[in-house]
Amino acid sequence: AAGLFSLSVMWHYLFTGVLSPRFWTAAIWVSASAAILQMLMLLFFGTNTCTENDCEWGVGSSLVLVTAFSWVILAIEMKHQASHLGMEEVPQTDHSENVEMTKKKSQANSSDVYRPPSIMA
């Protein structure tokens, strides 16, 4: 379920072009936690059930590693794309009206939604 949230945020942005920085950031953290949770499945090899029944590395174990690696890559790429989507941190200074990336009250349509510029201008 953790990875489903990250994928749904990403696909929502790809289809609509609209995203919330809060959801994007949450999707990054959820994807990273999905990788950790996926790797914790390998702890099964240390249980009594596995030691009594001589568990071996198989296809399922390999798929655990592949999916955990995929969640890590997704989290890294989403973090990297956040800066390209204009979601990087705006420095807080005493003269915030002089910072280029701050929005003036008259320019702010919706405070928490990013809409990329149209390609067909």
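This briefing covers the fold, the nonpolar core, the disulfide and one unusual backbone angle.

The model is predicted. The protein chain has four helices and zero strands. Its largest nonpolar core holds 14 residues. One disulfide is present.

**Fold and surface**

- Along the sequence, the pattern of the protein chain reads α-α-α-α.
- The protein chain has 121 residues, and 24% of them are buried.
- Take the contacts between residues at least 6 apart in sequence: 63% of these join residues at least 24 apart.
- The exposed area of the protein chain is about 9,300 Å². Carbon and sulfur atoms supply 63% of that area.

**Nonpolar core**

- Trp24 and Met78 have the most contacts inside the largest nonpolar core, which counts 14 residues.
- Three elements give two or more residues to this core: helix H1 (2–16), helix H2 (21–40) and helix H4 (59–84).
- H2 gives the most to this core, with five residues.
- Met78 touches Ser6, Val9, Trp24, Ala27 and Ile28, leaving aside its neighbours within four places in sequence.
- By residue number, Met78 falls in H4, while Trp24 falls in H2. These two residues are in contact with each other.
- Met78 also contacts Ala27 and Ile28, whose numbers fall within H2 (21–40).
- On the H1 side, Met78 contacts Ser6 and Val9, with H1 spanning 2–16.

**Disulfide**

- The disulfide joins Cys50 and Cys55. Their sulfur atoms lie 2.3 Å apart.
- A disulfide is a covalent bond between the sulfur atoms of two cysteines.
- Cys50 falls within helix H3 (48–52).
- Cys50 is buried, because its relative accessible area of 4% is under the 20% cut-off.
- Cys55 is partly exposed, at 34%, so its value sits between the 20% and 50% limits.

**Loop between H3 and H4**

- Asp54 lies in the loop between helix H3 (48–52) and H4.
- Asp54 has a positive phi of about 50 degrees, although this residue is not a glycine.
- Asp54 is exposed, because its relative accessible area of 61% is over the 50% cut-off.
- In sequence, Asp54 comes just before Cys55, one of the two disulfide cysteines.

Methods: Residues are numbered from 1 along each chain as its sequence is written. This is a predicted model: local features need pLDDT of at least 70, side-chain atom pairs count only at pLDDT 80 or more; totals for chains, interfaces and linings use all residues. Side-chain values use heavy atoms; hydrogens and water are left out. A nonpolar core is a set of buried Ala, Val, Leu, Ile, Met, Phe, Trp, Tyr and Cys residues joined through side-chain atoms within 4.5 Å. Buried means under 20% relative accessible area, exposed over 50%, partly exposed in between (1.4 Å probe, protein chains only). Contact means heavy atoms within 4.5 Å. Accessible areas come from the Shrake-Rupley method with a 1.4 Å probe; for residues, only the protein chains shown count as cover. A disulfide is a pair of cysteine sulfur atoms within 2.5 Å.
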